[in-house]
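Here's a quick briefing to keep beside the model while you look around. Have the sequence and the 3D view open, and take the topics in any order you like.

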Amino acid sequence: ETRKMSDEETTETTKVAPIQVLYCPTCSLPAEYCEFGPSFDKCKPWLIQNCPELYPNLTEGKEEAKEGEEKKEGEEPKKAAKPKKVKVEAANKIFIKVESRNKKKSVTTIVGLDKFGIKLPDASKILAKKFACGCAVTKGPISDEITIQGEYTIDLIEVLVEKWNISNDSIEVDASKKKDKK
């Protein structure tokens with residue numbers, strides 16, 4: 001049964017006030033989401049001043065830092081030591097590595113040609129013409145390397161020995177096929 005309401009009957013409805021959201025002027029996100037924004041470090045001073053209840057750990061760290069500064073007034077603050085990049089130098093060796101790219105495709109990587117005075121862009125052009133494949137110079141973790149599409153380890157060793165007179169003793173082959181995660 002539906003009942004019609006008469007004009008005399010009034011329904012009580014309570015209106016809810018809109019929520020006031022405080023936006024950070026630095027990152028333009030709500031203050032609750034500043035920590036997920038791109039510039040949280042720049043937002044910290046504003047957050048400490050305007051809404052310390054949202055991030056109590058920021059105010060605690062500042063108080064501890066003030067106490068530490070009072071104790072060490074005469075000393076200069078120490079900067080954090082940056083980790084040094086360590087280059088691993090191999091004694092004039094060429095490393096040839098074959099990696100599996102997909103099920104049947106593989107990539108041959110050559111590292112260390114530049115130690116023998118060979119210009120990598122020129123060498124990649126020669127190898128691309130010789131093997132009729134894609135060949136590129138890429139930046140590796142240790143030094144620049146040449147990447148060849150396909151598995152050419154045996155032919156590559158022959159070309160290195162014939163073209164650039166590199167001895168077989170200075171060439172190391174790592175033929176373990178590793179799967180790339182993509």
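How many aromatic pairs does the structure hold? Just one, counting rings of Phe, Tyr and Trp (its six-membered ring) whose centres lie within 6.5 Å. Keep in mind that this is a predicted model, where local features need pLDDT of at least 70, side-chain atom pairs count only at pLDDT 80 or more, and totals for chains, interfaces and linings use all residues. Residues are numbered from 1 along each chain as its sequence is written, and side-chain values use heavy atoms, with hydrogens and water left out.

**The aromatic pair**
- F131 and Y152 have ring centres 4.6 Å apart and planes at 15°, so they count as stacked (planes under 30 degrees apart; over 60 is edge-to-face and the rest are tilted).
- This pair ties together distant parts of the chain, 21 residues apart: F131 sits in helix α3 (residues 120-131), while Y152 is in the loop between β4 (144-149) and α4 (153-164).
- Both F131 and Y152 are buried (under 20% relative accessible area with a 1.4 Å probe, protein chains only; exposed is over 50%, partly exposed in between).

**Overall layout**
- You'll find four helices and five strands in the chain; these are DSSP runs numbered from the N terminus, with helices being H or I of at least four residues and strands E of at least two.
- Starting at the N terminus, the order is α-α-β-β-α-β-β-α-β.
- Of the 182 residues in the chain, 26% are buried.
- The accessible surface of the chain is about 15,000 Å², and carbon and sulfur atoms own 51% of that (Shrake-Rupley method, 1.4 Å probe; for residues, only the protein chains shown count as cover).

**Nonpolar cores**
- The largest nonpolar core has 18 residues, with L113 and I148 making the most contacts inside it. A core here is a set of buried Ala, Val, Leu, Ile, Met, Phe, Trp, Tyr and Cys residues joined through side-chain atoms within 4.5 Å.
- β1 (94-100), α3, β4 and α4 each put at least two residues into this core, and α3 gives the largest share, four residues.
- Skipping neighbours within four places in sequence, L113 is in contact (heavy atoms within 4.5 Å) with I94, I118, L120, A123, I146, L160 and I166.
- A separate core of 11 residues includes W46, L47, C51 and L58.

**Cysteines**
- There are zero disulfides in the structure (the cut-off is a pair of cysteine sulfur atoms within 2.5 Å).
- C34 has its nearest cysteine sulfur, that of C27, 3.5 Å away, and C34 counts as buried at 0% relative accessibility.
- For C43, the closest cysteine sulfur is in C24 at 3.5 Å, which is too far for a bond; C43 also counts as buried, at 0% relative accessibility.

**Around S100**
- S100 lies in strand β1 and, at 10% relative accessibility, counts as buried.
- The C-alpha atoms of S100 and G150 are 9.2 Å apart, with their positions 50 residues apart along the chain.

**How far to trust it**
- Mean pLDDT (the predictor's confidence in each residue, from 0 to 100) is 77 for the chain, and 71% of residues reach 70 or more.
- Among the elements, helix α2 (residues 56-71) has the lowest mean pLDDT, 58, and α3 the highest, 93.
- Over residues 82-89 pLDDT stays under 50, and the model has three contacts beyond four places in sequence for them.
- Where pLDDT is low, the predicted coordinates should not be read in detail.
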